[in-house]
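Please walk me through this protein structure in a few connected paragraphs, suited to someone in the first year of study. I would like to see how its parts are placed relative to one another.

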Amino acid sequence: MTQDLRLTVAAQLERARHRTTLLTETVDDADLVRQHSPLMSPLVWDLAHVGNQEELWLVRDVGGREPVRRDIDELYDAFKHPRGDRPALPLLSPAEARAYVGQVRDKALDVLDRVRLDERRLVADGFAFGMIVQHEQQHDETMLATHQLRTGPPVLPAVAPPPSRGPVSGEVLIPGGPFTMGTDTEAWALDNERPAHAVEVPAFFIDAAPVTNAQYAQFIAAGGYDDPGWWSERGWAHRQAAELTAPLHWQRDGDGWAYTRFGRTERIVPDEPVVHVCFFEAQAYASWAGRRLPREEEWEKAARFDPATGRSRRYPWGDDEPEARHANLGQRHLAPAPVGAYPEGVSPSGVHQLMGDVWEWCDSGFLPYPGFTVFPYAEYSQVFFGGDYKILRGGSFGTDPAAVRGTFRNWDHPIRRQIFSGFRCARDATPGDLA
Ligand code: AVJ
Ligand code: FE
């Protein structure tokens, strides 16, 4: 068991590093140090920051070893310098950053060989290693978003996502009653996913699939961006100030739309989930459609609750780890897959594509669950609770399976849309629906 776990951890660290390497070796040094958007760090900052977190947790804390570099912690502390200021810092050069992350990794693997995995809660079930694997994969998704914002010819390999295996439309009724939200048993779950607790969720309807480009284009064509009636007050103010007229990266193409993705321009694919919309756009679409966004507990119940057993599953399809047949995760494809592409990933209630493709905005703020305790550090979750954030669930095509679960909680400001964010709609069930 222990040896198995060590091998699993080593393989996961290796997979994350393989991805980091792909994202940082496909552009030249000038591209690595450039800031492609004020919202994003230079790629070389993410690279060294990934190494620095690994050094802080695995080399120094778990391993009790001497620092690899004692002089750079402050440069790579995300709380010390906002993203927009990072290009001006005396950062490690690309060559220095690569050497640094390599040295840290060698030491971390040595620590992995020697550490007793059951000695401290921090290392039980390999948690600290899993946290660092997830951290690197999270920054890899951030770096993928930076790639999407950079200009120039394509550099990343793009394998087309699988086709739809059949139409999926309409909505699904999720019965009212309690379900278990969050987890006590998921070994690498982060503190904000804990503890497991019962939540009473009244019956509701949720879309069987995420909202597609074709559906979203109808909202635009119907004048949705010009009618404040569909928008919240704050949403409309933002729509005006930011001059939103369509999802990020969309451009007019004759009577239709095209988008540029990772350097390739093509017509929008009608039955692909819409991506690169902010919370306010998602909310406006939902009210135009006579619907609303799901609340976080509704999303999780639709994804995990099995009405036959009353149990909450790890994933919509069951308890098995994600495989390519279940969901569009892990940057295998550089786009969401069309609706209907993953019949094997469907939830017990018949909801498709909850995991992968696009992060789904929920109409909930980021708050601790009852009984929350910080573990292992307050700056992952706690400092963000109650801030100006909305929850996103399910992961995107750019999220690694190691960095998402049925219980995983992501959050961002409601105006953000450089992330791979989409949504699906929901509505209350009325007594008539249940009769
Ligand atoms: C959980 C995705 C909001 O990227 O800001 C990375 C994850 N925390 N480094 C982020 C994270 C520290 C975080 N999100
Ligand atoms: Fe980080």
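In this predicted model, the structure holds 31 aromatic pairs. One of them is formed by F79 and F384, whose ring centres lie 6.0 Å apart with an angle of 35° between the planes, so the pair counts as tilted, a label that applies because 35° is neither under 30 degrees, as stacked rings would need, nor over 60, as edge-to-face rings would need. F79 belongs to the loop between helix 3 (43-62) and helix 4 (94-114), while F384 belongs to the loop between strand 10 (359-361) and strand 11 (390-393), and the pair therefore ties together parts that are 305 residues apart in sequence. F79 has a relative accessibility of 48%, which means that it counts as partly exposed.

A second tilted aromatic pair is made by F262 and F420, with 6.4 Å from centre to centre and 40° between the planes. Here too distant parts of the chain are linked, since F262 sits in the loop between strand 6 (256-261) and strand 7 (264-267), and F420 sits in the loop between strand 12 (410-412) and strand 13 (421-422), 158 residues apart. Both F262 and F420 are buried.

Returning to F79 and F384, we find that these residues are part of one aromatic cluster, which also includes W57, F366, F372, Y377, Y380, F385, Y389 and W411. Two of these cluster members, Y380 and W411, are also found around ligand 1, where they are joined by H135, Q138, H139 and N410. On its own ligand 1 has 360 Å² of accessible area, and the protein covers 72% of that area. A nitrogen atom of ligand 1 is 3.1 Å from an N or O atom in the side chain of H135, and a nitrogen atom of ligand 1 is 3.2 Å from an N or O atom in the side chain of H139.

Which residues coordinate the iron ion (ligand 2)? H135 and H139 do so together with H49, each through its NE2 atom, at 2.1 Å. Along the sequence, these donor residues follow the spacing H-x85-H-x3-H. H135 and H139 both lie in helix 5 (residues 127-149), and because they are four residues apart there, about one helical turn separates them. H135, at 10% relative accessibility, counts as buried, and H139 is buried as well, with a relative accessible area of 12%. The four donor atoms around the iron ion (ligand 2) subtend angles of 89 to 171°, and the arrangement is therefore irregular.

Methods:
Residues numbered from 1 in each chain as written. Chains lettered and ligands numbered in written order. Predicted model: local features only at pLDDT ≥ 70, side-chain atom pairs only at ≥ 80, totals over all residues. Heavy atoms only, no water. Donors = N, O, S within 2.8 Å, 3.2 Å for Na, K, Ca; no water. Tetrahedral: all angles 85-135°; square planar, octahedral: opposite > 155°, others 65-115°. Helix = DSSP H or I, 4+ residues; strand = E, 2+ residues; numbered from the N terminus. Buried < 20%, exposed > 50% of the residue type's maximum accessible area, 1.4 Å probe, protein only. Near = heavy atom within 4 Å. Polar contact = N/O pair within 3.5 Å; in protein donor to acceptor, adjacent residues only side chain to side chain. Areas by Shrake-Rupley, 256 points an atom, 1.4 Å probe, with all protein chains shown as cover. Phe/Tyr/Trp six-rings, centres within 6.5 Å; stacked < 30°, edge-to-face > 60°.
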